[in-house]
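I am opening a notebook on this structure and will write down what I look up, one entry at a time.

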Amino acid sequence: MAGPASIPIPLRGRRLADVTSILYIGGTGTISAACVRRSVALGHQVTVLNRGGARRPLPPEVTILQADVRDAGAVRAALGERRFDVVAEFLAFTPEHIRTDLDLFEGRTGQYVFISSASAYEKPPRRLPVTESTPLRNPFWQYSRDKIACEDVLVAAHRERGLPVTIIRPSHTYDERMIPTLGGWTDIARLRAGRPVIVHGDGTSLWTITHSDDFAVAFAGLLGNPEAIGEAFTITGSHAPSWNRIYGWLADAAGVSSPDLVHVASDAIAAFAPDLGPTLIGDKAHSMVFDNTKVTALVPDFRTTITFDEGARRILAYYDDHPEEQVIDEGRDAVFDRIAAFARSAG
């Protein structure tokens, strides 16, 4: 790992327009693909490092480096002597991943941007809206605790030796290929078949949901911004409909006028489907509304432009045009039947 004397502070005194070289680790996921497109649109020189074979295509202007990010030797060989103004890390989930990144990138970038998660904020929340000063504590979801531990490593490195880090906390971010419900396409198939669809709680809790194209505006606006160094930012947008509206908009887009929505307590769902427990009890079961004042102060163009009524139409249009992706999870489908029967037998 590079020592303190070799840590540059290259962003100081520079304009955002001067910063052109960005490495995306990942680059083809729900969030990162939109951010790559935004960076390309802004005229930045974009390089993407991943294993290849991802679902979302990259713009032709992007330079592609192929390596497994979990193989430090392969990454080092793919990088060669390259240096970047910004490294944007979308595929780090544990402190070990972060320590490997520091070995690889510390001293060869002016800004290391880590994608954390808004699920790291305390659950249940004591007050709304959530801000960057809300405590980080989630006893229900290991994913969130690991993200907090990643942040701890990076904050320590910034304090001890000036690591030029920026931490980003997105919440539920989607695009046309990501259906934000418990069952994904399985729920859409159930809606269209007139079968019961499970909604956690009573469906009235508020849930902030953000289109990836909107997220990308804020994210790209922080890249190369010296005021973002050493800071954490929530990026979620301001659109927070109820879960009933989210499912209702999906039903409308799917052409279903009277959806059979069955409301079930989150802990009961978790009893039938333990894999859903952490994401429900540790996140979706609670109303989550966020204050984006901090990021909009640096990126005033950021705002919600795509609400989920439009997002739902885009999702259904995409899947109807790609029937090969209309995959029903038979195991989940069977569990939903059992949950619905339990809920109705319980009155």
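Entry 1, one residue. I started from isoleucine 269, setting aside its neighbours within four places in sequence. Isoleucine 269 is then in contact with Leu182, Ile198, His200, Val264, Leu276, Leu280 and Ile339. I note here that the model is a predicted one.

Entry 2, the cores. I looked up the largest nonpolar core, which has 43 residues. Which of its residues touch the most other members? They are Ile188, Ile198, Val264, Ile269 and Phe308. I then checked which elements feed this core: α5, β8, α7, β11, α8 (266–272), α11 and α12 each supply at least two residues. Apart from this core I found another, of 29 residues, with Val62, Ile168, Phe215 and Ile235 among them. As a general remark, nonpolar side chains tend to be buried together in soluble globular proteins.

Entry 3, helix α5. Is helix α5, residues 185–192, enclosed or open? I found 6 of its 8 residues buried, so α5 is largely enclosed by the rest of the structure. The buried ones are Trp185, Thr186, Asp187, Ile188, Arg190 and Leu191. These pack against β8 (197–200), α7, β11 (261–264), α11 and α12 (330–345). Just after α5 I noted glycine 194, with a positive phi of about 75 degrees.

Entry 4, α7 and α11. Both helices came up in the α5 entry, as packing partners of its buried residues, and I looked at how they meet. Helix α7 spans residues 243–253 and helix α11 residues 308–321; their axes are 8 Å apart, at an angle of about 45 degrees. The two are therefore oblique to each other, and their crossing is right-handed. On the α7 side the contact is made by Ile246, Trp249, Leu250 and Ala253, and on the α11 side by Phe308, Asp309, Ala312, Arg313 and Leu316. By class I recorded 7 nonpolar, no polar and 2 charged residues in this contact.

Entry 5, α1 and α6. I looked up a further helix pair, α1 (residues 32–41) and α6 (residues 212–222). At what angle do their axes cross? The crossing is at roughly 55 degrees, and the axes come within 8 Å. I therefore put α1 and α6 down as oblique to each other, with a right-handed crossing. From α1 the contact takes Ala34, Cys35, Arg37, Arg38 and Ser39. From α6 it takes Ser212, Asp213, Phe215, Ala216, Val217, Phe219 and Ala220. By class, the contact of α1 with α6 has 7 nonpolar, 2 polar and 3 charged residues.

Methods:
Residues are numbered from 1 along each chain as its sequence is written. This is a predicted model: local features need pLDDT of at least 70, side-chain atom pairs count only at pLDDT 80 or more; totals for chains, interfaces and linings use all residues. Side-chain values use heavy atoms; hydrogens and water are left out. Axes are lines fitted to C-alpha atoms, for helices over the stretch in contact, and angles run from 0 to 180 degrees between N-to-C directions. Angles under 35 degrees count as roughly parallel, over 145 as roughly antiparallel, 65 to 115 as roughly perpendicular and the rest as oblique. A crossing is left-handed if the near helix is turned anticlockwise from the far one by less than a right angle, and right-handed if clockwise. Contact means heavy atoms within 4.5 Å. Ala, Val, Leu, Ile, Met, Phe, Trp, Tyr, Cys and Pro count as nonpolar, Asp, Glu, Lys and Arg as charged, and the others, Gly among them, as polar. Buried means under 20% relative accessible area, exposed over 50%, partly exposed in between (1.4 Å probe, protein chains only). A nonpolar core is a set of buried Ala, Val, Leu, Ile, Met, Phe, Trp, Tyr and Cys residues joined through side-chain atoms within 4.5 Å.
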